[in-house]
Amino acid sequence: MTANTTFSAGQILTAVAANAWPRGLMATPATSTTTDSTITAEEVMLTYTFTAVNGRNYSIIYFEPSILGTSAGILTSRIRVTDIFGAVLNQSFATIPTANTSNIMTQLIYTATASGSLTIVSTLQASAGTVTTTRSATRFPQLYALDVGSGY
């Protein structure tokens, strides 16, 4: 579908055009206030489930606000379908900080290929040492999906 970007006086708004518009946040964002100080091998950090609609586009975002490690290395952040064994939708990498905390974010645009419940998970994996994600009521990770429409 091609988005209508040339609105003019006298045009009629159709249901097809309106249905292509973004719908926003798909469900309450997944969050946690529990600090995890045992990240070495890949582990699930957050799980998020929403109802996807075939052909619609979703901006999926995972943000971890505070990471600190015991050894320099690479931290890999992934967004996967279903669980830790599911297909990787996207991944990002960051140098593991050992003196000052840092953060990591992974995002993508996902086009649903079927309608129904969709579960995604965010994971972290450290290449060296152990990573701690410090969390609180005012510093917490989020995983969520925004419906950005079906037109481009």
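## Strand β5 and its partners

Start at Gly69: its bridge partner in β10 is Val131. This is a predicted model, and that pair belongs to a short run of contacts in which β5 and strand β10 (residues 131–133) are joined by three bridges, running antiparallel.

β5 has other company too. Strand β8 (residues 102–111) lines up antiparallel with β5 through nine bridges, and if you want a spot to look at, Ile60 has Leu108 in β8 as its bridge partner. Then there's strand β11 (residues 142–149), also antiparallel to β5, with seven bridges between them. Here Tyr62 is matched with Leu143 in β11.

How much of β5 is covered? Mostly: of the 13 residues in this strand (residues 57–69), eleven are buried.

## The four-stranded sheet

Now for the open sheet, which is built from four strands in the order β4-β9-β6-β7, with antiparallel pairing. At its edges sit β4 (43–52) and β7 (88–95); each has a single partner strand, so one side of each is left without a neighbour in the sheet. Going from one strand to the next, the twist averages 15°.

Within that order, β6 (residues 74–81) pairs with β9 (residues 116–126) in the antiparallel sense, over seven bridges. To find your way around that pairing, look for Ile79, which stands opposite Ser122 in β9.

## Arg80, a buried arginine

Right after that comes a residue worth a look of its own: Arg80, found in strand β6. Is Arg80 buried or exposed? Its relative accessible area is 11%, and the cut-off for buried is under 20%, so Arg80 counts as buried.

What does the side chain of Arg80 reach? One target is the backbone oxygen of Ile84, at 3.2 Å. There's a side-chain partner as well: Arg80 and Glu42 are joined by a polar contact of 2.9 Å between their side chains.

Glu42 turns up again in the wider list of residues that Arg80 touches, which leaves out anything up to four places away in sequence. Also on that list is a run through Phe85, Gly86, Ala87, Val88 and Leu89, plus Thr119, Ile120, Val121 and Thr123. If you're setting up a local view around this arginine, those are the residues to show alongside Arg80.

Notes: Residues are numbered from 1 along each chain as its sequence is written. This is a predicted model: local features need pLDDT of at least 70, side-chain atom pairs count only at pLDDT 80 or more; totals for chains, interfaces and linings use all residues. Side-chain values use heavy atoms; hydrogens and water are left out. Two strands pair if DSSP finds at least two bridges between them. Helices (H or I, at least four residues) and strands (E, at least two) are DSSP runs, numbered from the N terminus. Axes are lines fitted to C-alpha atoms, for helices over the stretch in contact, and angles run from 0 to 180 degrees between N-to-C directions. Buried means under 20% relative accessible area, exposed over 50%, partly exposed in between (1.4 Å probe, protein chains only). A polar contact is a pair of N or O atoms within 3.5 Å; within protein, one must be able to donate a hydrogen and the other to accept it, and residues adjacent in sequence count only if both atoms are side-chain atoms. Contact means heavy atoms within 4.5 Å.
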